[in-house]
Amino acid sequence: MGLPPVVAGLFVYVLFTHYGPFGSLNLLFTVNVMVIAQVLLITPIVVALTSSFIEGSSKPVIETAEGLGFSKFKTAALCISEGRASLFSVVLTAFGRSIAEVGAVSIVGGNIQWKTRVMTTAIMLETNKGNFSFALALGIILLLIAFIVNAVASLAVKEPKHD
Amino acid sequence: MIEIQDLKKIYGERTVLSIPSLRFENGSSTVLAGANGSGKTTLIKILAGTLKATDGNLTLPQKTRYLPQQSYAFRGNLIKNITLAGADENTALHLLETMELAHLKEKKASSLSGGELQRLALCRVLAQKCDLLLLDEPTSACDAKGTEIVLNAVKAYRAENDCTLIMSTHSPLLATAGGERLIILGDGEIAADGEPKEVLTHPESDWAKSFITGWKI
């Protein structure tokens with residue numbers, strides 16, 4: 001979880017560079033390798049948070065389900081259903097982490113216009129060029145996207161009122 | 001028949017349960033009583049299969065249903081909580097009526113009080129047939145009326161289903177009227193075992209005597 005993003009990006013770069021073990025795949029400076037770098041960064045976070053959730057809040061669900069003679073599959077499905085709010089927050093944390101990523105995606109993607117330039121690398125570039133208004137506009141759009149995704153996810157997991 | 005031989009549960013250097021031999025006849029009803037930490041929940045969890053014994057042999061029936069000490073409310077209303085356990089809506093409604101919860105059937109289960117939730121959790125367990133029914137302190141959050149409702153519901157269930165009942169409790173009412181046999185556990189061992197009236201009036205050990213005195217029956 002504490003893996004520095006730039007180091008992750010550097011590691012993936014070394015793997016997929018021309019002289020690296022996967023150089024023949026020609027994935028460097030493509031969206032595909034950016035996804036690989038993101039997966040490397042996000043997976044430990046998702047695993048750690050999900051594991052923490054299962055250890056903590058799933059215990060009473062598992063105990064109750066076992067007491068009712070539910071199969072392991074049904075118990076797992078119930079844990080996911082009962083803990084959907086927590087699992088959604090894990091997904092949102094991973095989403096938030098990945099859309100905010102700059103270092104790793106810059107290294108492996110190259111920030112190439114119309115190819116591998118994403119909002120975060122574009123914000124960095126435009127700020128460095130002095131185009132603050134453009135960078136600010138991109139930042140606001142990025143914030144809005146994050147806000148909308150969070151809002152939709154919160155509504156999706158909310159239990160309907162019955163009283 | 002349920003048979004226990006040389007059952008032990010040890011955590012580190014601490015033996016929390018040690019039962020050399022114990023038998024429960026098919027169709028019998030037994031109440032386990034004892035102070036906090038006496039081993040009641042440990043024994044029930046081992047019988048339910050949710051906890052592994054450190055040592056010992058167990059002979060258990062095929063179908064066991066277990067009510068944990070901590071009640072859990074699934075998402076949805078009371079009817080949905082019971083149908084999740086495999087019952088149809090009519091059975092769910094009948095169980096809620098037995099537990100005097102029918103007037104709350106459309107409410108979210110998470111909005112129930114502690115005693116109401118405990119009775120709902122028991123409805124889920126009683127929605128299924130079984131050979132062995134294990135209830136871990138089924139009335140810990142209930143008042144006197146709630147305890148009586150639970151007692152009557154369990155009796156009605158056993159009248160329809162010939163199952164063995166093992167129930168743990170702190171309640172003097174359940175200890176006296178909950179079963180044909182009363183076992184008092186102390187420090188993980190059996191301190192008294194027999195008919196409730198006999199155990200309560202002539203406890204075998206000093207430990208059982210001091211525990212019963214605390215009830216002031």
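Colleague: On helix α4(A), are Phe73(A) and Ile80(A) buried or exposed?

Modeller: Buried means under 20% relative accessible area, exposed over 50% and partly exposed in between, with a 1.4 Å probe and protein chains only; in this predicted model, Phe73(A) and Ile80(A) are exposed, whereas Thr75(A), Leu78(A), Cys79(A) and Glu82(A), also in α4(A) (residues 72-82), are buried. These four lie on the same side of α4(A) because they cover an arc of only 100° around the axis, the arc being that of the directions from the helix axis to the C-beta atoms. Helices are DSSP runs of H or I with at least four residues, strands runs of E with at least two, numbered from the N terminus.

Colleague: What covers the buried residues of α4(A)?

Modeller: The cover includes α2 (31-56), α3 (59-67) and α5 (84-99) of chain A.

Colleague: How is the size of an interface given, and what is the area buried between chain B and chain A?

Modeller: The size of an interface is often given as the accessible area lost when the parts come together. With a 1.4 Å probe and summed over both parts, the area buried between chain B and chain A is about 1900 Å², carbon and sulfur atoms giving 54% of it. Tyr72(B), Arg75(B) and Lys108(B) lose the most area in chain B, together 39% of what that side buries.

Colleague: Which residue forms a salt bridge with Glu63(A)?

Modeller: A salt bridge is a side-chain nitrogen of Lys or Arg within 4 Å of a carboxyl oxygen of Asp or Glu; here Lys45(B) forms one with Glu63(A), the closest N and O atoms being 3.2 Å apart.

Methods. Residues numbered from 1 in each chain as written. Chains lettered and ligands numbered in written order. Predicted model: local features only at pLDDT ≥ 70, side-chain atom pairs only at ≥ 80, totals over all residues. Heavy atoms only, no water. Buried area = accessible area lost by both parts, 1.4 Å probe. Contact = heavy atoms within 4.5 Å.
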